[in-house]
Amino acid sequence: MNEVQSYIESKKEDFLKELLELLKIPSISADPAYKDDVAKAAEFISTQLTSCGAEKVEVFPTAGHPIVYGEKIVDPALPTVLVYGHYDVQPPDPLDLWESGPFEPVIKNTKLHPTGAIFARGACDDKGQLYMHMKAFEAMNSAGYLPCNMKFMLEGEEEVGSVNLETFCREHKDKLSCDVVLLSDTSIIANDVPSITTGLRGLSYLEVEVVGPNKDLHSGVYGGAVANPVNVLCSMIASLKDENNKISIPGFYDDVVELSKAERDQMNEAPFDLGNYKEALDIEEIMGEEGYTTLERTSIRPTLDVNGMWGGYIGEGAKTVLPSKANAKISMRLVPNQDPEKITKLFTEHFEKIAPPGVKVSVTPHHGGMPAVTPIDTPEYAAAQKAMEATFGKNPIPQRSGGSIPIVSMFEDVFGVKSVLLGFGLDSDDIHSPNEHFGLFNFYKGIETIPYFYKYYSELK
Ligand code: BES
Ligand code: MN
Ligand code: MN
């Protein structure tokens with residue numbers, strides 16, 4: 001292990017330079033115009049995997065973007081860890097809010113990253129974090145320290161719902177067989193407060209359309225007499241939550257697992273500073289479901305949010321018009337044991353029911369995903385805990401996250417194994433937002449910590 005760590009120490013600059021090259025590739029999975037760039041990022045990763053020491057490296061085409069695979073099988077008697085990551089990124093829009101180009105990485109200091117952070121789309125989510133795994137592997141391989149068999153499966157469609165990953169996993173079930181999945185696509189509480197993610201929320205995402213008159217109308221000639229779809233959509237959405245911010249869709253909470261008082265007390269012991277939270281967001285007050293703390297609202301409770309809404313005239317100046325249509329994109333974050341398909345159905349039925357006469361509504365579901373919880377009484381959790389303890393000098397706190405990684409529950413279905421969510425980002429790293437960044441401290445700490453995971457996992461398994 002000393003050799004592993006000194007290899008890392010000696011290669012820090014090279015590791016960073018290579019990551020910056022990867023970050024220059026605009027691998028935006030959602031936009032077909034960037035299909036070749038996504039493929040280019042896959043090629044970059046596969047070349048790198050090979051030079052890190054992986055064998056049988058292959059870029060598998062799918063109906064969408066490719067999946068990169070590579071492995072190092074040392075001894076069939078050793079435990080096998082499957083590393084998952086995604087090299088695709090979210091669209092960088094709105095571009096004018098970036099202080100530097102989203103695909104022109106720069107290093108700048110911030111309040112939370114006084115020793116520097118890499119600013120680029122994908123720096124934290126998830127190129128920087130998957131790169132930690134490749135470099136940890138390179139260090140272990142070159143030091144000849146490989147206590148586990150390692151497999152890498154890196155996909156290019158996570159940000160668009162991992163549509164082809166399940167088929168790939170089922171088709172290559174033997175090739176991918178493993179004892180545990182390891183991924184870094186989540187956050188720690190703070191750079192001096194390590195934590196391990198023990199849960200993720202599920203997701204139901206849909207689009208609604210409200211149609212009124214068969215064309216846009218003069219808002220003076222017709223206004224007041226014909227249902228305005230934008231007004232109607234606003235009232236319909238407003239009615240989806242009551243005065244306590246509880247979601248009013250009948251049956252919505254039926255399957256929600258309520259935590260015991262002891263569990264809730266324990267999760268609320270995690271450090272959280274409401275003053276800092278509000279200050280960082282420039283808000284006077286927080287808002288959420290009555291009876292729950294901010295930590296609970298963003299982890300163990302489901303949500304309903306409008307992600308975007310449009311209709312009518314949105315150009316320069318004023319145009320007096322009564323629009324014919326209004327649309328919104330709505331997401332619901334789900335918790336155990338809510339089922340995305342059931343929730344989508346409940347939403348659709350309710351939304352159609354509350355529509356006033358005079359408009360027609362339609363609901364189109366997008367991708368969804370199952371929530372996941374990972375147990376803490378397993379060898380893999382203990383290995384992650386000891387690994388973080390070794391490099392942070394502190395016992396990490398188990399914490400459930402509000403984000404979604406739907407494939408975690410899929411891995412459990414297909415491979416029958418649990419995942420370890422060993423992320424190193426910060427919630428404030430602006431993933432999916434302008435000026436996404438990833439701390440240099442976090443990048444290197446991840447590379448240093450990961451080899452310890454393999455060490456302790458092989459000892460404990
Ligand atoms: N890495 C994120 C999920 C995440 C972020 C988990 C922060 C925990 C903390 C992932 O890439 C992501 O963005 N997931 C999407 C869902 C997906 C189906 C598009 C999400 O959570 O919105
Ligand atoms: Mn991610
Ligand atoms: Mn993401």
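How do the residues of the shell around ligand 1 divide into nonpolar, polar and charged? Four are nonpolar, eight are polar and five are charged. In this count Ala, Val, Leu, Ile, Met, Phe, Trp, Tyr, Cys and Pro are nonpolar, Asp, Glu, Lys and Arg are charged, and the others, Gly among them, are polar.

The model is predicted, so local features need pLDDT of at least 70, side-chain atom pairs count only at pLDDT 80 or more, and totals for chains, interfaces and linings use all residues. Residues are numbered from 1 along each chain as its sequence is written, chains are lettered from A and ligands numbered from 1 in the order in which they are written, and side-chain values use heavy atoms, with hydrogens and water left out.

Start at the ligand. In total, 17 residues surround ligand 1. A residue is near a molecule if one of its heavy atoms lies within 4 Å of it. The closest are Glu158, Asp185, Arg333, Ser404 and His432. Polar contacts come next (pairs of N or O atoms within 3.5 Å; within protein, one must be able to donate a hydrogen and the other to accept it, and residues adjacent in sequence count only if both atoms are side-chain atoms). A ligand 1 nitrogen lies 2.8 Å from a side-chain N or O atom of Asp185. At Ser404 the partner is a polar backbone atom, 2.9 Å from a nitrogen of ligand 1. Glu159 contributes a side-chain N or O atom, 3.2 Å from an oxygen of ligand 1. On its own, ligand 1 has 520 Å² of accessible area, and the protein covers 90% of this. Such areas come from the Shrake-Rupley method with a 1.4 Å probe; for residues, only the protein chains shown count as cover.

Now turn to the aromatic rings. A pair of aromatic rings is described by the distance of the centres and the angle of the planes. Rings of Phe, Tyr and Trp (its six-membered ring) pair if their centres lie within 6.5 Å; planes under 30 degrees apart are stacked, over 60 edge-to-face, and the rest tilted. The whole structure holds 15 aromatic pairs. One of them joins Phe252 and Tyr253 edge-to-face, at 5.2 Å centre to centre and 80 degrees between the planes. Phe252 counts as buried because its relative accessibility is 1%. Buried means under 20% relative accessible area, exposed over 50%, and partly exposed in between (1.4 Å probe, protein chains only).

Phe392 and Phe424 make a stacked pair, 6.5 Å centre to centre with 10 degrees between the planes. This pair links distant parts of the chain, 32 residues apart. Phe392 belongs to helix H10 (residues 379-392), while Phe424 lies in the loop between strand E18 (419-421) and strand E19 (425-426). Helices (H or I, at least four residues) and strands (E, at least two) are DSSP runs, numbered from the N terminus. Both Phe392 and Phe424 are buried. Phe392 has another partner: the charged end of Lys445 sits over its ring, 5.3 Å from the centre. That label needs NZ of Lys or CZ of Arg within 6 Å of the ring centre and within 35 degrees of the ring normal. Lys12 does likewise over the ring of Tyr444, 4.9 Å from its centre.

Helix H11 spans residues 407-415, and seven of its nine residues are buried. Among them are Phe411 and Phe415. These two form one aromatic cluster with Tyr84. Just after H11 comes Gly416, with a positive phi of about 65 degrees.

Two other helices deserve a look. Tyr456 sits in helix H12 (residues 440-460). Tyr456 is buried because its relative accessible area is 14%. Its C-alpha atom is 7.8 Å from that of Ala384, 72 residues apart along the chain. At the start of helix H7 (residues 274-281), a side-chain oxygen of Asp273 comes within 2.9 Å of the backbone nitrogen of Gly275. Asp282 follows H7 with a positive phi, near 55 degrees.

Last, the backbone. Which peptide bond is cis, with omega near 0 degrees? The bond from Asp125 to Asp126 is. Asp126 falls in the loop between strand E5 (117-119) and helix H3 (127-142). The bond from Pro336 to Asn337 is also cis, with omega near -5 degrees. Lys56, not a glycine, has a positive phi of about 50 degrees. Lys56 counts as exposed because its relative accessibility is 58%.
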